[in-house]
Amino acid sequence: MKVEVGKIVNTHGIKGEVKVKSHSDFTDIRFQPGEVLEVEVNREMLELVVTSHRLHKGLHMLKFEGYTNINDIEHLKGHLLYQERDHEEIELDEHEFYYSDIIGCTVFVADEPIGRVVEIFETGANDVWVVKGEKEHLIPYIEDVVKTVDIEHRRIDITPMEGLLTE
């Protein structure tokens, strides 16, 4: 099963490097040199082999085998990147989840739905879940807030800290 791991948001420089916004967990493994990513172009899946990875201003900077200048890579701007979900090096610990399992789950406060998780971003300290309903909420994935995660039923129960759900 393939999962979405990021989006090529722009090129960088003239040597074929791209800026990727991560939509994934475990980027330290998924974007390492030698890893195979796929991109759909004109209804055809192309394989991209990562040759270099670095972080720059919150984005992942990637280069791919066979793409050596901006003209080779320009047509991939705006496209999504995919990778096989079952990665042999990734073992989930208790309370760890694939981003693809969390995105789309409905978040509840005292059995009242407040919205769905539409995006996840890393802050360094913990992940933050962007929940969109009538309003948008930023929910930190910490034990004090997130009480239960039920992937099978696509349900997350939280107990918000004071001020978390106010504007």
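## Close-up views of a predicted model

**View 1. The stretch from residue 100 to residue 164.** Over residues 100–164 the chain is 5% helix and 54% strand, and 24 Å separates the C-alpha atoms at the two ends. Please keep in mind that this is a predicted model. The UniProt record, an unreviewed entry, places the feature "domain: Ribosome maturation factor RimM PRC barrel" at residues 100–164.

**View 2. A salt bridge between Glu17 and Arg54.** Here the closest N and O atoms of Glu17 and Arg54 are 3.0 Å apart. Which elements does the pair link? Glu17 sits in strand 2 (residues 17–22) and Arg54 in strand 4 (residues 44–56), so that distant parts of the chain, 37 residues apart, are linked. Is Glu17 buried or exposed? Glu17 is buried, because its relative accessible area of 10% is under the 20% cut-off. Arg54, at 35% relative accessibility, falls between the 20% and 50% limits and therefore counts as partly exposed.

**View 3. Glu74 meets Lys77.** The side chains of Glu74 and Lys77 form a salt bridge, with 3.1 Å from N to O. Glu74 has a relative accessible area of 33%, so this residue is partly exposed. Lys77 is partly exposed too, with a value of 36%.

**View 4. A network of salt bridges around Arg155.** Which residues make up this network? Asp111, Arg155 and Asp157 are linked in it. Within the network, the side chains of Arg155 and Asp157 meet at 2.9 Å, N to O. Arg155 counts as partly exposed because its relative accessibility is 23%. If you are keeping a tally as you move through the views, the model has 6 salt bridges, including Glu17 with Arg54, Glu74 with Lys77 and Arg155 with Asp157.

**View 5. A patch of negative charge on the surface.** For a change from paired charges, take a look at Glu91, Asp93, Glu94 and Glu96, which gather in this patch. Where is Glu94 found? Glu94 lies in the loop between strand 6 (80–84) and helix 3 (99–102). Glu94 counts as exposed because its relative accessibility is 67%, and the cut-off for that class is over 50%. Members of such a patch have no salt bridge, so Glu94 and its companions Glu91, Asp93 and Glu96 are without one.

Note on methods: Residues are numbered from 1 along each chain as its sequence is written. This is a predicted model: local features need pLDDT of at least 70, side-chain atom pairs count only at pLDDT 80 or more; totals for chains, interfaces and linings use all residues. Side-chain values use heavy atoms; hydrogens and water are left out. Patches are made of residues with over 30% relative accessible area and no salt bridge: like charges are joined within 9 Å, nonpolar side chains (Val, Leu, Ile, Met, Phe, Trp, Tyr) within 5 Å. Accessible areas come from the Shrake-Rupley method with a 1.4 Å probe; for residues, only the protein chains shown count as cover. A salt bridge is a side-chain nitrogen of Lys or Arg within 4 Å of a carboxyl oxygen of Asp or Glu. Lys and Arg count as positive and Asp and Glu as negative; His and the chain ends are not counted. The place of a charge is taken as NZ of Lys, CZ of Arg, CG of Asp or CD of Glu. Helices (H or I, at least four residues) and strands (E, at least two) are DSSP runs, numbered from the N terminus. Buried means under 20% relative accessible area, exposed over 50%, partly exposed in between (1.4 Å probe, protein chains only). UniProt positions are given in the numbering used here, feature names are shortened, and annotations may be inferred rather than shown by experiment.
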